[in-house]
Amino acid sequence: MSKIVQMWVLIARCARLLTVSRYERWNAILELLSQEGRLSVERAAEALTVSTATIRRDFDQLAQQQMLMRTRGGAVAQSVSYDLPLRYKTARHADEKQRIAEAAAELVAPGAIVGMNGGTTTSEVARALAIRADPELGFTVVTNALNIAAELTVRQHVKIVLTGGVARPQSYELIGPLASGVLEQVTLDIAFMGVDAIDAEAGAFAHHEGEASVNSLLIGRAAQVVAVADSSKVGSRAFARICPIGAVGTLITDEGLADEDAARFADAGVKVVRA
């Protein structure tokens with residue numbers, strides 16, 4: 001490899017590292033704002049151990065995306081729900097999501113027809129499944145998630161069926177009535193459902209009603225429904241319900257799930273796997 005090529009490879013790697021770092025930092029800023037409502041440049045710089053100049057740039061860029069409102073010397077939270085864009089969520093509970101994904105992939109039989117909605121955890125499930133699956137038998141994925149379809153379509157042993165619908169930038173999910181045309185025509189062996197919240201009494205939830213509607217259709221076509229969610233989402237509720245808890249057969253979560261919460265799900269007839 002020539003020195004020029006090596007130089008460009010190094011530049012590209014550094015750019016990727018800076019991008020990941022920035023998204024992780026933005027995610028932390030928005031988390032702090034959601035907790036405190038108001039944040040000074042100095043407070044954010046101290047919490048994230050970066051310079052005040054970096055925080056000022058972050059505040060300005062997040063304000064341009066209408067994720068916060070700039071004030072003199074700081075920022076305040078927008079009066080909106082913090083349903084962060086998917087690219088900002090990837091750093092949350094990453095290790096837990098990978099373990100959940102590996103446990104989920106073990107449930108899929110060779111040649112199975114698998115349903116998946118969008119989200120960071122289901123994206124990890126897709127990756128784990130693609131690596132684990134037998135290339136000679138393969139499997140089929142039915143999804144409304146553009147990022148999952150794009151990532152798996154290069155795998156020759158994976159058949160991708162993408163629903164119709166209108167793309168939602170927050171989650172890369174296709175939503176709306178156009179999705180029902182495809183989902184009404186398919187049968188799934190197993191569906192992996194990512195959620196924004198799940199409760200042993202109230203059921204599974206999404207922040208957006210359009211996502212909840214399509215996700216409900218998706219799991220309604222499956223013989224087995226598996227919710228995949230890290231423990232931070234357990235015991236809470238969000239705006240739109242996807243399904244009652246009776247529609248969920250298995251919950252795969254992490255070891256952070258409290259014993260009393262696990263018992264409540266077991267009482268509701270849900271098998272709990274702590275990865």
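Asp60 and Arg70 form a salt bridge, with their closest N and O atoms 2.8 Å apart. The pair links distant parts of the chain. Asp60 sits in helix α3 (residues 52–64), while Arg70 belongs to strand β2 (residues 68–71), 10 residues apart. Asp60 is partly exposed, at 34% relative accessible area. Arg70 is partly exposed too, at 31%.

This is a predicted model. The count comes to 8 salt bridges. Three of the pairs are set out below.

| Pair | Closest N to O | Relative accessible area |
|---|---|---|
| Asp60 and Arg70 | 2.8 Å | Asp60 34%, Arg70 31% |
| Arg237 and Asp199 | 3.9 Å | Arg237 56%, Asp199 13% |
| Asp261 and Arg264 | 2.3 Å | Asp261 18%, Arg264 42% |

Now take Arg237 and Asp199. Their closest N and O atoms are 3.9 Å apart. Arg237 lies in the loop between β12 (225–228) and β13 (240–243), and Asp199 lies in strand β10 (residues 197–199), so this salt bridge ties together parts 38 residues apart in sequence. Which partner is buried, and which is exposed? Arg237 is exposed, because its relative accessible area of 56% is over 50%. Asp199 is buried, because its 13% is under 20%.

Asp261 and Arg264 give a pair within one helix. Their side chains meet at 2.3 Å, N to O. Both residues are in helix α10 (residues 259–267), and being 3 residues apart, they are separated by about one helical turn. Asp261 is buried at 18% relative accessibility, whereas Arg264 is partly exposed at 42%.

Salt bridges can also share partners: Glu124, Arg127 and Glu151 are joined in this way into one network.

Methods. Residues are numbered from 1 along each chain as its sequence is written. This is a predicted model: local features need pLDDT of at least 70, side-chain atom pairs count only at pLDDT 80 or more; totals for chains, interfaces and linings use all residues. Side-chain values use heavy atoms; hydrogens and water are left out. A salt bridge is a side-chain nitrogen of Lys or Arg within 4 Å of a carboxyl oxygen of Asp or Glu. Helices (H or I, at least four residues) and strands (E, at least two) are DSSP runs, numbered from the N terminus. Buried means under 20% relative accessible area, exposed over 50%, partly exposed in between (1.4 Å probe, protein chains only).
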